[in-house]
Amino acid sequence: VYGLPEDGARSTAARLGVHLSHRTAALQHGWGVLHSPDQPEAIASRTRRIPQPAELDLRFRTVTADELGLRTTRPLRTVIDCARDLPLPEALAVADSALRSGLVTVDELLRTALPRTGRSAARRVLDLASAESANPFESGLRALAIEATDVGWVAQQTITVRDGTVLHADVGCAGVRVALEADSHEFHRSRKDVREDCWRLNEMTIAGWVVLRFAWEHVMFNPDWVREVIAWVVRQRVSYCSSLSA
């Protein structure tokens, strides 16, 4: 087996005869992830008797005959493994990225048979997966919103403002009219960006939406606060909507 010396993960997988998996496999497929793993993630057949290597996060799993000889799990299996084993924000970021890439389809996610272990968690991720999320940042924000409340959150929520323009919030719930914006410096550099962003926020507010804005650092490093803020606002909105209908 030949490889470049800097490709440590693939070299280790080849040396041990294991499969790169989970987020490491996702990165090999060219997908985005919310957090890169501290160590390369891999799976080995349950029938193997090898010690846990210090340089890999290795799980022992069923490996089918058609997977023997692979060095990286196939795209669909990569999504399923992440959905079974990783927290919702991490798993959803991979599933959304897989759909955006076209290497995995919605039909495949809906039709695939899932192992018994981790089935309910995996099914939840596969049902929530959406190619509409633009990047792992937005996927992670949507996952935190889902964890925070039991209302329905969707990617690229449509909002029609006064002049008929249709805007798209990064994440939104029409039931409580709350929109979540994943603010990245990449898209807010010039004065024109600032003006357009102010117009967008004000028009969404006039249309009856509460708009919450979160920076990349909030989602990546302070998820408990993000969930707390979203849950608090949703509770207030549910109470407000209930008072209006009373």
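Let me start with a hairpin: strand 4 and strand 5 form one, with five residues between them. In its turn, glycine 164 has a positive phi of about 90°. Keep in mind that this is a predicted model.

Staying with that hairpin, strand 4 covers residues 154-160, and its pairing with strand 5 is antiparallel, over six bridges. If you want one pair to find on screen, take glutamine 157, which stands opposite alanine 169 in strand 5.

Strand 5 has a second partner. With strand 6 it makes another hairpin, this time with four residues in between. The turn there holds arginine 177, with a positive phi of about 55°. Strand 5 and strand 6 also pair in the antiparallel sense, over three bridges. Here the pair to look for is valine 171 opposite leucine 180 in strand 6.

Is strand 5 largely enclosed or open? Six of its eight residues are buried, so the rest of the structure largely encloses this strand.

Now the core. In soluble globular proteins, nonpolar side chains tend to be buried together. In this model, the largest nonpolar core has 42 residues. Which of them touch the most other members? They are Val79, Leu141, Trp153, Leu180, Phe214 and Ile230. Among the elements that each supply at least two residues to this core are strand 5 (166-173), strand 6 (178-183), strand 7 (210-215) and helix 10 (223-245). Helix 4 gives the most, seven residues.

Take leucine 141 as an example. Leaving out residues up to four places away in sequence, leucine 141 touches Val171, Leu180, Glu181, Ala182, Phe214, Val219, Val226 and Ile230. Val171 and Leu180 are the pair I pointed to across strands 5 and 6.

Apart from the largest core lies another, of 10 residues, including Ala9, Ala13, Leu16 and Val18.

Last, the chain as a whole. The protein chain has 10 helices and seven strands. Its C-alpha trace spans about 65 × 45 × 30 Å along the principal axes. Of the 246 residues, 45% count as buried. Among contacts with a separation of 6 or more, 59% are between residues 24 or more positions apart.

As for the surface, the chain exposes about 12,900 Å², and carbon and sulfur atoms supply 53% of that. There are 30 positive and 31 negative charges, and the mean positions of the two sets are 5 Å apart.

Conventions:
Residues numbered from 1 in each chain as written. Predicted model: local features only at pLDDT ≥ 70, side-chain atom pairs only at ≥ 80, totals over all residues. Heavy atoms only, no water. Buried < 20%, exposed > 50% of the residue type's maximum accessible area, 1.4 Å probe, protein only. Contact = heavy atoms within 4.5 Å. Areas by Shrake-Rupley, 256 points an atom, 1.4 Å probe, with all protein chains shown as cover. Lys, Arg positive; Asp, Glu negative; His and termini not counted. Charge placed at Lys NZ, Arg CZ, Asp CG, Glu CD. Core = buried A, V, L, I, M, F, W, Y, C linked by side-chain atoms within 4.5 Å. Pairing = 2+ DSSP bridges.
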